[in-house]
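Please open the model in your viewer and keep a selection panel at hand. The tour below moves from one selection to the next and says what is to be found at each stop.

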Amino acid sequence: MEADGAVDMGALRAELRAALEADERRERENSAKLRAVRQRVGSYEQFRDIVLASHLRPLEKKDKMGNKRNVLWNPCAGHPRGQQATEVEIPQELEQLPGTSAEFYRDWRRCLKSGKEKYQLLLKLEGKALSRIFQAELGFGLLGEFLTVLAENVCHEDRDAVLQILQSLSGTKRFGLNLDLLSMSEKESTRDLFRKLQSMSGGYWTPGRPCGEAEGEAHPTDSVLQKEAEERRVTELMRCYQAS
């Protein structure tokens, strides 16, 4: 609602569109889950792969018979090697950052080919934007992918931004369920991520080192309080992500 009390129709339409997209994705993924159960897949990894591939469309007769095919049957498939450099952009060069869950899925699956590119997109969006994009629901499998990408690419300079992202993701709907559905490798990536965050002492706390021993501090009391706050923040997130 705007300051004068009028309804912001643009924001209302965006919220409605995000809710419709989440409902459509949920229905598609639920159908894939039921199909996987009927097929009696042999492992959780196979079950997960079926759900993650629920957005794919089967080939039609015209796709198989025609000599030319101008539209990819699978929009997430890679482009020919010669076209990749011009058609696939790194996050900084995306025409526009995703504003809805559908736009995010499109860019995450289709445009971003490496963990570095996906990491940069998460940093650019930051925690607040991710909370808005996934206000309806965080899609199946995405939490594990996010944690793996963060664990593989986190660095000291991005520590605060990564903590903010983790904080925002922990507030999304069905977070507990998504956490329970992490694979073994994703759970290990989560523990690895928090180990790295703890080891990045810099201007923060260092495990095993008394807080008052920081070097070159003008205001040791303020620094001690800041480090203790950072330690509590990481500890709470570790508990939330079951990584302690």
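The stops that follow begin with confidence and then turn to the cores, the salt bridges and some single residues.

**Colour by confidence**

Start by colouring the chain by pLDDT, since this is a predicted model; the mean over the protein is 76, and 69% of its residues reach 70 or more. Select helix H7 (residues 142-153), where confidence is highest at a mean of 96, and then helix H4 (residues 84-87), where it is lowest at a mean of 37. Next select residues 65-91, over which pLDDT stays under 50, although the model has 32 contacts beyond four places in sequence for this stretch. Residues 204-218 also stay under 50, and here the model has 23 such contacts beyond four places in sequence. Where pLDDT is low, the predicted coordinates should not be read in detail.

**The nonpolar cores**

Now show side chains for Phe104, Leu166 and Tyr241, which have the most contacts inside the largest nonpolar core, a set of 40 residues. The elements that give two or more residues to this core are helix H5 (101-111), helix H6 (115-133), H7, H8, helix H9 (175-180), helix H10 (184-199) and helix H11 (220-240). Among these contributors, H6 gives the most, with eight residues. Centre the view on Tyr241 and display its surroundings: leaving out residues up to four places away in sequence, Tyr241 touches Leu143, Leu147, Leu166, Leu169, Ser170, Phe175, Leu179, Thr190 and Phe194. A second, separate core has five residues, including Ala32, Ala36, Phe47 and Val51, and these four can be selected together as the next stop.

**The salt bridges**

The structure holds eight salt bridges, and three of them are visited here. Select Glu145 and Arg109, whose side chains meet at 2.8 Å, N to O. Because Glu145 lies in helix H7 and Arg109 in helix H5, this pair ties together parts that are 36 residues apart in sequence. The two partners differ in burial: Glu145 is buried, with a relative accessible area of 16%, whereas Arg109 is partly exposed, at 23%.

Move on to helix H10 and select Glu188, Arg191, Asp192, Arg195 and Lys196, which are linked in a network of salt bridges. Within this network, the side chains of Arg191 and Glu188 meet at 3.0 Å, N to O, and since these residues are three apart in helix H10, about one helical turn separates them. Both count as partly exposed, Arg191 at 30% relative accessibility and Glu188 at 36%. The side chains of Lys196 and Asp192 form another salt bridge, at 3.5 Å, N to O, and this pair is four residues apart in helix H10, again about one turn of the helix. Lys196 is partly exposed, with a relative accessible area of 28%, and Asp192 is likewise partly exposed, at 24%.

**Two last selections**

Select Ser168, which has its place in helix H8 (residues 159-169). Is this serine buried or exposed? Ser168 is buried, because its relative accessible area is 15%, and, apart from neighbours within four places in sequence, Ser168 is in contact with Gly127, Lys128 and Ser131.

Finish with Val7, Met9 and Leu12, which form a nonpolar patch on the surface with about 270 Å² of accessible area together. Met9, found in helix H1 (residues 9-39), counts as partly exposed, at 44% relative accessibility.

Conventions: Residues are numbered from 1 along each chain as its sequence is written. This is a predicted model: local features need pLDDT of at least 70, side-chain atom pairs count only at pLDDT 80 or more; totals for chains, interfaces and linings use all residues. Side-chain values use heavy atoms; hydrogens and water are left out. pLDDT is the predictor's confidence in each residue, from 0 to 100. Contact means heavy atoms within 4.5 Å. Patches are made of residues with over 30% relative accessible area and no salt bridge: like charges are joined within 9 Å, nonpolar side chains (Val, Leu, Ile, Met, Phe, Trp, Tyr) within 5 Å. Accessible areas come from the Shrake-Rupley method with a 1.4 Å probe; for residues, only the protein chains shown count as cover. A salt bridge is a side-chain nitrogen of Lys or Arg within 4 Å of a carboxyl oxygen of Asp or Glu. Buried means under 20% relative accessible area, exposed over 50%, partly exposed in between (1.4 Å probe, protein chains only). A nonpolar core is a set of buried Ala, Val, Leu, Ile, Met, Phe, Trp, Tyr and Cys residues joined through side-chain atoms within 4.5 Å.
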